[in-house]
Amino acid sequence: MNGRPQHRTAAEFWRRGTVVWFNIEKGFGFLQPDDHPAQVFVEYTSIETTGYKSLEAGQPVLFRATLRKRGPEATAVRPLHPDARPRP
């Protein structure tokens, strides 16, 4: 280390959210983060799962995102089982 604080980018943090919608034919959709009002664009190539890469509206996810020219975009998405969400 060089004595300076190490800054991590947003893409290094896993966040929780919910799938708003996902178009299977077009291979993209949007996520609603639990911690921010801005929706996050997601493309099927960012989905970390085996087999067919798709998401369903209302599905809970863990994701990493970065800011692109058009807004936030998911760089990695891990679908969660619906019971994995924290309960109030």
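Me: Strands here are DSSP runs of at least two residues, and helices are runs of H or I with at least four, both numbered from the N terminus. In what order do the elements of the protein run?
Reply: This is a predicted model, and in it the elements run β-β-β-β-β from the N terminus on, which comes to 5 strands and 0 helices.

Me: How much of the protein counts as buried?
Reply: Of its 88 residues, 28% count as buried, while the protein exposes about 6300 Å², of which carbon and sulfur atoms supply 52%.

Me: And what share of the contacts comes from residues 24 or more positions apart?
Reply: Such pairs account for 49% of the contacts in the protein, when the contacts taken are those with a separation of 6 or more.

Me: Which residues make up the largest nonpolar core?
Reply: The core has 12 residues, namely Val19, Phe22, Leu31, Val40, Val42, Ile47, Leu55, Val61, Phe63, Ala65, Ala74 and Val77. At least two of them come from each of strand E1 (15-23), E3, E4 and strand E5 (71-79), and the largest share, 3 residues, is supplied by E4.

Me: Take Phe63 from that list; what is phenylalanine 63 in contact with, leaving aside neighbours within four places in sequence?
Reply: Phenylalanine 63 is in contact with Phe13, Trp14, Arg15, Arg16, Gly17, Leu31, Pro33, Val40, Ala76 and Val77.

Me: Leu31 and Val40 are both on that list. Which residue in E3 does leucine 31 stand opposite?
Reply: Leucine 31 stands opposite valine 40, and the two strands involved, E2 (residues 28-33) and E3, pair in the antiparallel sense over 4 bridges. E2 and E3 also form a hairpin, with 6 residues between them.

Me: Which side chains along E3 are buried, and which are not?
Reply: Val40 and Val42 point to one face of E3 and are buried, whereas Phe41 and Glu43 point to the other face and are not. In general, side chains of a regular strand alternate between the two faces of the sheet.

Me: Different topic, the rings. How many aromatic pairs does the structure hold?
Reply: The structure holds 4 aromatic pairs. One of them joins tryptophan 21 and phenylalanine 28, whose ring centres are 5.8 Å apart and whose planes lie at 65°, so this pair is edge-to-face. Tryptophan 21 also pairs with phenylalanine 30, and here the arrangement is tilted, with 5.6 Å centre to centre and 50° between the planes.

Me: Which residues form the aromatic cluster?
Reply: Trp21, Phe28, Phe30 and Phe41 form one aromatic cluster.

Me: Why does phenylalanine 28 count as partly exposed?
Reply: Phenylalanine 28 is at 24% relative accessibility, and partly exposed covers the range between under 20%, which is buried, and over 50%, which is exposed. Phenylalanine 30 counts as partly exposed at 25%, and so does tryptophan 21, with a relative accessible area of 36%.

Me: Last one, serine 46: buried or exposed?
Reply: Serine 46 is buried, with a relative accessible area of 9%, and its place is in the loop between strand E3 (40-43) and strand E4 (60-68). Not counting residues up to four places away in sequence, serine 46 touches Ala74, Thr75, Ala76 and Val77.

How values were computed: Residues are numbered from 1 along each chain as its sequence is written. This is a predicted model: local features need pLDDT of at least 70, side-chain atom pairs count only at pLDDT 80 or more; totals for chains, interfaces and linings use all residues. Side-chain values use heavy atoms; hydrogens and water are left out. Buried means under 20% relative accessible area, exposed over 50%, partly exposed in between (1.4 Å probe, protein chains only). Contact means heavy atoms within 4.5 Å. Accessible areas come from the Shrake-Rupley method with a 1.4 Å probe; for residues, only the protein chains shown count as cover. A nonpolar core is a set of buried Ala, Val, Leu, Ile, Met, Phe, Trp, Tyr and Cys residues joined through side-chain atoms within 4.5 Å. Two strands pair if DSSP finds at least two bridges between them. Rings of Phe, Tyr and Trp (its six-membered ring) pair if their centres lie within 6.5 Å; planes under 30 degrees apart count as stacked, over 60 as edge-to-face and the rest as tilted.
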